[in-house]
Amino acid sequence: MSHELPELPYDYDALEPHISEQVVRWHHDTHHQGYVNGLNSAEETLAENRDAGDYDGSAAAMRSVTHNGCGHYLHTMFWENMHPDGGRTPDGDLADRIEEDFGSYEAWKGEFEAAAGAAGGWALLVYDPVDKRLRNLVVDKHDQGALWGAHPVLALDVWEHSYYHDYGPARGDFIDAFFEVVNWDSVADNYDTVVSRHE
Ligand code: MN
């Protein structure tokens with residue numbers, strides 16, 4: 001079963017002026033497509049090697065599955081986590097849980113922004129099913145800094161391809177812009193889905 005690049009849930013220019021049409025085009029059509037292609041290619045190599053009973057190259061292909069698979073998964077969530085009508089703050093159960101687990105929305109946001117400022121990849125809000133709580137994570141590449149079993153519910157891409165064309169080295173301005181387009185309904189859907197499985 002090969003993986004396919006999902007269509008954006010809005011037009012390429014829908015996130016302007018916060019994220020430019022050009023950046024969304026490059027990011028979705030080139031970078032995200034590259035992770036989809038890399039994942040498919042690695043899975044083909046693994047299947048061919050199993051058929052041949054020859055596992056040379058299989059370890060490299062498994063590493064590629066992690067890198068490209070996490071890239072594909074997180075980019076898919078990232079696109080859904082934004083919307084031109086987004087912004088504002090969370091409400092409902094998700095808002096209550098953020099307050100419970102971080103003290104306040106402001107405290108959660110300050111911590112998430114610190115993650116986004118430091119990461120060499122992604123800032124993630126995740127649900128940790130072991131401790132049954134929300135956590136923020138600093139992720140390098142697409143997978144370094146992962147917490148086993150934790151499910152991302154909000155993903156912010158801070159790779160340079162995500163913002164440099166629009167904001168140059170001012171990553172903080174990009175993080176501020178992201179909060180103008182966060183689709184809290186999608187974050188709440190992710191949260192409700194994962195919590196219903198574990199609580
Ligand atoms: Mn990216």
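## Close-ups of a predicted model

**View 1. Helix 1 gives the largest share of the lining of the largest cavity, three residues.** Before you zoom in any further, keep in mind that this is a predicted model. How many cavities of 30 Å³ or more does a search of the whole structure find? The search turns up one. The space inside the largest cavity comes to about 30 Å³. Look around its wall and you'll meet Ile19, Val23, Val24, His27, Phe78, Trp79 and Ser162. Helix 1 (21-52) isn't on its own here: helix 2 (58-80) also supplies at least two residues of this lining. Sort the lining by class and you get five nonpolar and two polar residues, with no charged ones.

**View 2. Helix 1 and helix 2 cross each other.** Follow the two axes and you'll see them come within 8 Å, crossing at roughly 145 degrees. Which hand does this crossing have, left or right? It's left-handed. As for the residues in this helix-to-helix contact, eleven are nonpolar, 16 are polar and one is charged.

**View 3. Four residues hold on to a manganese ion.** Here the protein donors are His27, His75 and His161, each through NE2, plus Asp157 through OD. These donors sit 1.9 to 2.1 Å from the manganese ion. Want to find them in the sequence? Look for the spacing H-x47-H-x81-D-x3-H. Now pick out His75 and His161: this pair links distant parts of the chain, 86 residues apart. His75 belongs to helix 2, while His161 is in the loop between strand 3 (151-157) and helix 5 (164-167). His27 may look familiar, as it is also part of the lining of the largest cavity. Why does His75 count as buried? Its relative accessible area is 0%, and buried means under 20%, so His75 fits the label.

**View 4. The largest pocket holds about 330 Å³ of space.** Of the 16 residues lining this pocket, Cys70, Ala146, Leu147, Ala150 and Pro152 are the closest to its centre. Which element gives the most to the lining of the largest pocket? That's helix 2, with four residues. Strand 1 (121-128) and strand 2 (133-140) join in too, each supplying at least two residues. By class, the pocket lining is made up of twelve nonpolar, three polar and one charged residues.

**View 5. Thr66 is a partly exposed residue of helix 2.** We're still on helix 2, and this time the spotlight is on Thr66. Its relative accessible area is 35%. That value lies between the 20% and 50% cut-offs, which is why Thr66 gets called partly exposed. For a sense of distance, go from Thr66 to Asp189: they're 123 residues apart along the chain, and 25 Å separates their C-alpha atoms.

**View 6. Ala107 sits in helix 4 (residues 105-118).** Is Ala107 buried or partly exposed? It's partly exposed, with a relative accessible area of 35%. Now look from Ala107 across to Tyr12, which is 95 residues away in sequence. From C-alpha to C-alpha, Ala107 and Tyr12 are 32 Å apart in space.

Conventions. Residues are numbered from 1 along each chain as its sequence is written. This is a predicted model: local features need pLDDT of at least 70, side-chain atom pairs count only at pLDDT 80 or more; totals for chains, interfaces and linings use all residues. Side-chain values use heavy atoms; hydrogens and water are left out. On a 1 Å grid over the protein atoms alone, a cavity is a set of points where a 1.4 Å probe fits but cannot get out, and a pocket is an open set with protein on both sides within 12 Å along at least five of seven lines; lining residues have an atom within 4 Å of a point. Grid points are joined across faces, edges and corners, and a volume is the space filled by probe spheres set on the points. Ala, Val, Leu, Ile, Met, Phe, Trp, Tyr, Cys and Pro count as nonpolar, Asp, Glu, Lys and Arg as charged, and the others, Gly among them, as polar. Axes are lines fitted to C-alpha atoms, for helices over the stretch in contact, and angles run from 0 to 180 degrees between N-to-C directions. A crossing is left-handed if the near helix is turned anticlockwise from the far one by less than a right angle, and right-handed if clockwise. Donors are N, O and S atoms within 2.8 Å of the metal (3.2 Å for Na, K and Ca); water is not among the atoms, so sites may look incomplete. Buried means under 20% relative accessible area, exposed over 50%, partly exposed in between (1.4 Å probe, protein chains only).
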